Amino acid sequence: MKNKDVSFWLFLAPVLFALSAVVLIPLLFGVYYSFTNWNGISYTEFLGLDNYVNVLKNEAFRNALWFTVKFCVASVIVINIMGLGLAMLVTTKIKSRNILRTVFFMPNLIGGLILGFIWQFVFVNVFSAIGKATGIGWLQGWLSDSTTGFWGMVILMSWQMAGYIMIIYIAYLENVPGELLEAADIDGANHWQKFRNITFPLIMPAFTVSMFLTLSNAFKIYDQNLSLTNGGPYDSTTMVAMDIVNTAFKFNMMATAQAKAIIFFIIVAIISLTQVYINKKREVEM
Amino acid sequence: MEKKKSKQRLLLELCGILLGLLWLSPFYLMVVNAFKTKLEIFTNTTKLPATWTFDNFTQAFKELAFLKTFMNSLILSVVSIAIILFFSAMAAYALSRNKSKLSGVIFFLFVAAMLIPFQSVMIPLVSLFGKMNALNFYGLMFMYLGFGCSLSIFLYYGALKGIPKSLDEAATIDGCNKFQVFWYIILPMLKPISVTVAILNIIWIWNDYLLPSLVISGAGTDTIPLKLFLFFGQYTKQWHLALAGLTISIIPVIVFYLLAQKQIIKGVSEGAVK
């Protein structure tokens with residue numbers, strides 16, 4: 001097919017139209033609106049960078065951003081350690097390995113909204129019931145302050161995503177050549193030495209993939225935030241995505257929300273481009 | 001040595017099973033409490049119910065209008081995915097059979113669009129489609145094509161590189177036009193990757209809450225996540241009903257998972273290492 005062929009363009013037309021109407025044009029409009037006093041329908045004034053200045057000075061947004069960053073750091077660490085641990089467990093020769101894979105991956109298929117509701121019940125009702133029965137104090141009052149809200153989100157996210165990350169690590173672990181490990185055995189290496197010097201370097205690419213996947217998923221999280229804590233108490237667990245939705249559809253401040261949305265886009269793009277850059281660099285080195 | 005090894009394995013086996021049970025415990029808690037009365041949930045949260053009651057399920061089923069809601073979700077997902085698969089495969093085919101610079105730029109455009117998070121286009125999108133009176137079930141399907149086509153084209157493009165061009169040429173000589181080549185020769189060969197693309201899209205579309213809540217909320221075509229959210233707001237602190245509703249909503253996903261587990265896990269890992 002050549003550029004001048006009608007068929008080339010006919011084949012492309014539906015997706016080009018959809019992508020433009022749904023993503024590209026709204027993004028361009030969005031960038032433009034973020035410089036105006038747009039109210040969702042029309043605008044009367046061009047404000048330049050005013051919205052951005054206000055957003056960056058806005059305490060609610062800064063709190064949301066800071067909470068999100070902390071959440072990302074904690075989630076990335078916990079999920080990757082758990083994902084790798086689970087992957088190593090189910091790639092041993094234990095009999096239950098297949099059923100365990102099924103079990104660990106299961107939460108990943110269920111929507112964040114539903115999972116958040118389930119965990120709300122677990123944290124609030126089950127934790128306090130166990131706390132009462134055993135007298136353990138810290139099991140009481142979960143999700144009623146920002147600390148337990150934070151860890152509640154981290155636990156929920158880890159439970160949901162660890163199985164997914166496990167699948168990625170499994171793919172790489174199964175590609176570690178058995179002869180290498182056997183050779184190390186003969187040389188008298190112990191478990192830790194084998195992991196440290198053979199397995200770990202060979203699964204490094206899985207590390208990058210998993211880290212960025214977790215990072216961008218954690219940064220963009222909305223459903224779980226909505227159903228687990230709904231941002232409460234007092235907006236202390238509101239994350240960036242939720243702050244944008246609330247600014248737009250609760251408080252009807254469309255231009256401000258759009259400025260936040262563009263900042264959000266820039267951060268997500270930086271995360272993804274860093275990943276692309278690292279992958280490219282590694283390909284060259286190999 | 002051997003004895004030590006088998007002891008180690010037994011220990012590992014035990015750890016695995018305990019961890020697996022811990023992993024499933026939220027589901028266990030959800031299901032057993034869905035069978036209790038409102039009162040019993042507070043007096044006995046962790047154990048099996050004293051008497052099993054099905055009333056919660058009957059009421060939740062009715063309140064969720066579950067059959068209708070389920071059908072809404074199903075129709076939305078199936079039609080959207082059919083559209084995404086067909087048009088993405090077609091576009092990827094055209095792009096992969098044209099080696100010009102322009103074709104490369106268009107492909108790059110689709111890949112780059114994957115970087116754009118939903119929230120950064122959401123507000124203008126709703127405003128634009130609102131002006132065109134397209135905030136409805138069909139508008140939503142079209143939006144899913146827009147959001148879903150990038151990754152799908154990317155995956156199809158990769159698979160198409162492995163299908164030799166001589167096949168197209170042979171079919172053309174036999175008198176096929178471009179669309180016939182695509183429909184009769186190429187599309188059937190793309191079946192394995194189509195399964196992957198379908199699975200990745202269904203997981204996302206089936207569970208999506210935010211976009212449908214902005215586009216079709218309250219129009220009588222609520223999907224499972226939408227209905228569940230409303231239901232939850234209505235019955236806050238009525239956990240016996242809420243948990244029954246959650247249980248009902250999860251059953252279709254679990255059934256799908258157990259039936260298509262191999263393909264799902266394969267698809268998800270292919271999609272992740274893109």
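In chain A, 71% of the contacts with a separation of 6 or more are between residues 24 or more positions apart, a contact being two residues whose C-beta atoms, placed from the backbone, lie within 7 Å. The model is a predicted one, in which local features need pLDDT of at least 70 and side-chain atom pairs count only at pLDDT 80 or more, while totals for chains, interfaces and linings use all residues. Residues are numbered from 1 along each chain as its sequence is written, and chains are lettered from A and ligands numbered from 1 in the order in which they are written.

Chain A first. It has 12 helices and 0 strands, so called where DSSP gives a run of H or I of at least four residues (helix) or of E of at least two (strand), with numbering from the N terminus. Its C-alpha atoms fit in a box of roughly 75 × 70 × 30 Å along the principal axes. Of the 286 residues in chain A, 44% are buried. Here, buried means that 20 or more other C-beta atoms lie within 10 Å of a residue's own, exposed means 12 or fewer, and partly exposed is in between, with C-beta atoms placed from the backbone.

UniProt has a few things to add from an unreviewed entry. Its annotation "domain: ABC transmembrane type-1" covers residues 65-275 of chain A; UniProt positions follow the numbering used here, feature names are shortened, and annotations may be inferred rather than shown by experiment. That span is 76% helix and 0% strand, and its end C-alpha atoms lie 21 Å apart. The record also places "transmembrane region" features on chain A, including residues 103-130 and 198-219. Residues 103-130 of chain A are 79% helix and 0% strand, with 24 Å between the end C-alpha atoms. For residues 198-219 of chain A the helix content is 95%, again with 0% strand, and the end C-alpha atoms are 32 Å apart.

Helix α9 of chain A takes in residues 204-219, 16 residues in total, and reaches 23 Å from its first C-alpha to its last, close to the expected 22 Å. The expected span is 1.5 Å times one less than the number of residues. Among the buried residues of α9(A) are Val209(A), Ser210(A), Leu213(A), Thr214(A) and Phe219(A). Residues three or four places apart in an α-helix point the same way, because there are 3.6 residues a turn.

Now for where the two chains meet. The contact draws on 71 residues from chain A and 68 from chain B. On the chain B side, the largest share, 11 residues, comes from helix α1 (residues 2-34) of chain B. By class, that side has 49 nonpolar, 15 polar and 4 charged residues; Ala, Val, Leu, Ile, Met, Phe, Trp, Tyr, Cys and Pro count as nonpolar, Asp, Glu, Lys and Arg as charged, and the others, Gly among them, as polar.

One helix pair spans the two chains. Helix α1 (residues 6-33) of chain A and helix α6 (residues 118-131) of chain B have axes that come within 8 Å and cross at roughly 100°. Axes are lines fitted to C-alpha atoms, for helices over the stretch in contact, and angles run from 0 to 180 degrees between N-to-C directions. The crossing makes α1(A) roughly perpendicular to α6(B), a label for angles of 65 to 115 degrees, with under 35 roughly parallel, over 145 roughly antiparallel and the rest oblique. Residues in this contact include Val22(A), Pro26(A) and Tyr33(A) of α1(A) and Val121(B), Pro124(B) and Leu128(B) of α6(B). The contact of α1(A) with α6(B) divides into 11 nonpolar, 2 polar and no charged residues.

Chain B carries the "domain: ABC transmembrane type-1" annotation too, listed by UniProt for residues 70-260 in an unreviewed entry. That stretch of chain B is 81% helix and 0% strand, with its end C-alpha atoms 19 Å apart.

Within chain B, helix α10 (residues 191-207) packs on helix α14 (residues 261-272) at about 85°, with axes 9 Å apart, and the two are therefore roughly perpendicular. Val195(B), Thr196(B), Ile199(B) and Leu200(B) of α10(B) meet Gln263(B), Ile264(B), Gly267(B), Glu270(B) and Gly271(B) of α14(B).

Asp208(B) lies in the loop between α10 and α11 of chain B, and it is buried, with 25 other C-beta atoms within 10 Å. Ala34(B), in helix α1 of chain B, also counts as buried, with 25 C-beta neighbours inside 10 Å. Beyond residues up to four places away in sequence, Ala34(B) touches Asn56(B), Phe57(B), His240(B), Leu243(B), Ala244(B) and Thr247(B).
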